Amino acid sequence: MGRHGHGGWLGLNYHAHGEGWFELELPWREELAGLADGGVLASGPIISLMDNATSMSVWTRTGRFVPHATLDLRVDYMRAAVPGRTVIGRGECYKLTRTIAFIRGIAYDGDPEDPVAHVIGTFMATHGTYL
């Protein structure tokens, strides 16, 4: 992930995982900061972080790769990320149907109890089924 494509350019790295959850880290870089925000990460990289982390949480829940597409991803920003800090994205797949995966997660830069953003959404299996 850290070498190829969009995730590679962003610098996304594996952080941790377990059954039904996955964490990625987004290291702070000046190129990812908004122009007028004094070093605060722009929203786009955080959205990409959470789309990837929640997508991978589906695969940790199913135990296999199932091609899918983001059907819906709502991102609620709670506060700005602290300039210079790595942001961790934790995604959880909390329910599966035959073709829909339900996910939630948080992005945080220190204390998970004080998140930068909260996400909720769905993925749709495009080839095959989850169950």
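Modeller: Buried means under 20% relative accessible area and exposed over 50%, with partly exposed in between (1.4 Å probe, protein chains only). This is a predicted model, in which local features need pLDDT of at least 70, side-chain atom pairs count only at pLDDT 80 or more, and totals for chains, interfaces and linings use all residues. Residues are numbered from 1 along each chain as its sequence is written, and side-chain values use heavy atoms, with hydrogens and water left out.

Colleague: Is E23 buried or exposed?

Modeller: The relative accessibility of E23 is 6%. Because the limit for the lowest class is under 20%, E23 counts as buried.

Colleague: Which side chains does a polar contact join to that of E23?

Modeller: A polar contact is a pair of N or O atoms within 3.5 Å; within protein, one must be able to donate a hydrogen and the other to accept it, and residues adjacent in sequence count only if both atoms are side-chain atoms. At 3.4 Å, one such contact links E23 with Y108. Another, of 2.8 Å, links E23 with H15. The side chains asked for are thus those of Y108 and H15.

Colleague: What kind of aromatic pair do Y14 and F22 form?

Modeller: Rings of Phe, Tyr and Trp (its six-membered ring) pair if their centres lie within 6.5 Å; planes under 30 degrees apart count as stacked, over 60 as edge-to-face and the rest as tilted. A search of the whole structure finds three aromatic pairs. Y14 and F22 lie 5.6 Å apart, centre to centre, with 70° between the planes, so the pair is edge-to-face.
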